[in-house]
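Student: Could you walk me through the packing and the charged pairs of this model? I would like to reason it out with you.

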Amino acid sequence: MLHRLSAIPSALRPSPWVAASSLALLLPFGAPSVGSSASGSTPAPDAATATSPAVIATAEGATAVNPAAPLQAVPAHYDLTPERRALLNTIRYAEGTWIGGRPEGYRVLYGGGRFRSLERHPEITIQKRYSSAAAGAYQFLPSTWHQTARQLGLPDFGPASQDQAALHLVQRRGALARFDREGLSPAVLARLSPEWASLPGLDGASAYGQPVKSVDELQAFFARDLARQRGDLARLGAATPGRA
C-alpha cells in the first residue's frame, strides 16, 4: 500500500527522498498542490483501442483532446473522451497545473518550479510547507508513478503517459465508471479526494487538511471545458474530408 507521504510533515516522514540534485533546472512558476498517491486494488483498465489524438489548440489558448504529442507510442488503455479530458483538465485546474491549458503544465514540480526532461519522472524533492517530490500535470509522487507506469507499460513521462496514468488512478479509486455515468458529481469528487488533496470530500474539505477548490467552482470549470472539448471536436469533424 502506498502512503500519501507528501501530506505528512517532513519531521514525521519515515521514507527517504531522492536528493534534489537537479535544482538548477527549475524555473519560477505558479504553485500547485502537494501531489497525489494511490492505494488499494487495481481493477483492469478499459478495453480501449484508440490511439492518442493530435494537438488541437483552441482560440482561448487551451488545448482539446490531447495537449501534446507523446514522446513515444503510448498504450491507450483508457479512451480519452471529451468528458474524460474535461475531468483531467479539472484535476489540473485544482492542482494548480492548468496554466490556461498549455503543455508546460506537464512539467510542473511541487512548489511551482518546472523540470525539463519528460523522459522520466524527475524525482526532485522540494521543501516548502511540506516536503514533496510530486511532479507533472497530476502531481504524481515517484512511488505512485513508477507503480502505475509499470502496470500500464508507459514509456516516458510525457503528456500522453501522464494522462493515461491519471485515468488509471481515477479507475483505481472506483470513480471512472461512476464519472462516465453521472459526470463530475460531489460523490465522484469525494472518491478522488484521497488521491488529489485539492479535491473536496463530501464535507467540502481536503482529506489532508490542505486548501481545496469548492464543488461549485470545479463543476463550473468542468462544464466550460467540456463545452470547449465538444466544440473543438465538432469543428475538427467538419474540417475533416469525408466526414459529415
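**Core and salt bridges**

Tutor: Happily! The largest nonpolar core has 44 residues, and those with the most contacts inside it are Leu87, Tyr138, Phe140, Val170, Leu184, Leu192 and Trp196. By nonpolar core I mean a set of buried Ala, Val, Leu, Ile, Met, Phe, Trp, Tyr and Cys residues joined through side-chain atoms within 4.5 Å. Buried means under 20% relative accessible area, exposed over 50%, and partly exposed in between, with a 1.4 Å probe and protein chains only. This is a predicted model, where local features need pLDDT of at least 70 and side-chain atom pairs count only at pLDDT 80 or more, while totals for chains, interfaces and linings use all residues. Residues are numbered from 1 along each chain as its sequence is written, and side-chain values use heavy atoms, with hydrogens and water left out.

Student: Which helix supplies the largest share of this core?

Tutor: Helices here are DSSP runs (H or I, at least four residues), numbered from the N terminus. Helix 1, helix 2 (142-152), helix 3 (159-172), helix 4, helix 5 (186-192) and helix 6 (215-239) each give the core at least two residues. The largest share is 6 residues, and it comes from helix 3.

Student: Ala160 is in helix 3; how far is Ala160 from Val74 in space?

Tutor: Ala160 is buried, with a relative accessible area of 3%. Along the sequence, Ala160 and Val74 are 86 residues apart, but in space their C-alpha to C-alpha distance is 6.6 Å.

Student: How many salt bridges does a search of the whole structure find?

Tutor: The criterion is a side-chain nitrogen of Lys or Arg within 4 Å of a carboxyl oxygen of Asp or Glu. One of the pairs is Glu123 with Arg120, with closest N and O atoms 3.2 Å apart, and Glu123 is buried at 15% relative accessible area. Over the whole structure, the number of salt bridges found is 10.

Student: Asp180 forms a salt bridge with Arg84; how many residues apart in sequence are the parts that the pair ties together?

Tutor: The closest N and O atoms of Asp180 and Arg84 are 2.6 Å apart. Asp180 lies in helix 4 (residues 176-182) and Arg84 in helix 1 (residues 82-95), so the separation of the parts they tie together is 96 residues.

Student: And is Arg84 buried or exposed?

Tutor: Its partner Asp180 is partly exposed, at 42% relative accessibility. Arg84 has 6% relative accessibility, so Arg84 counts as buried.
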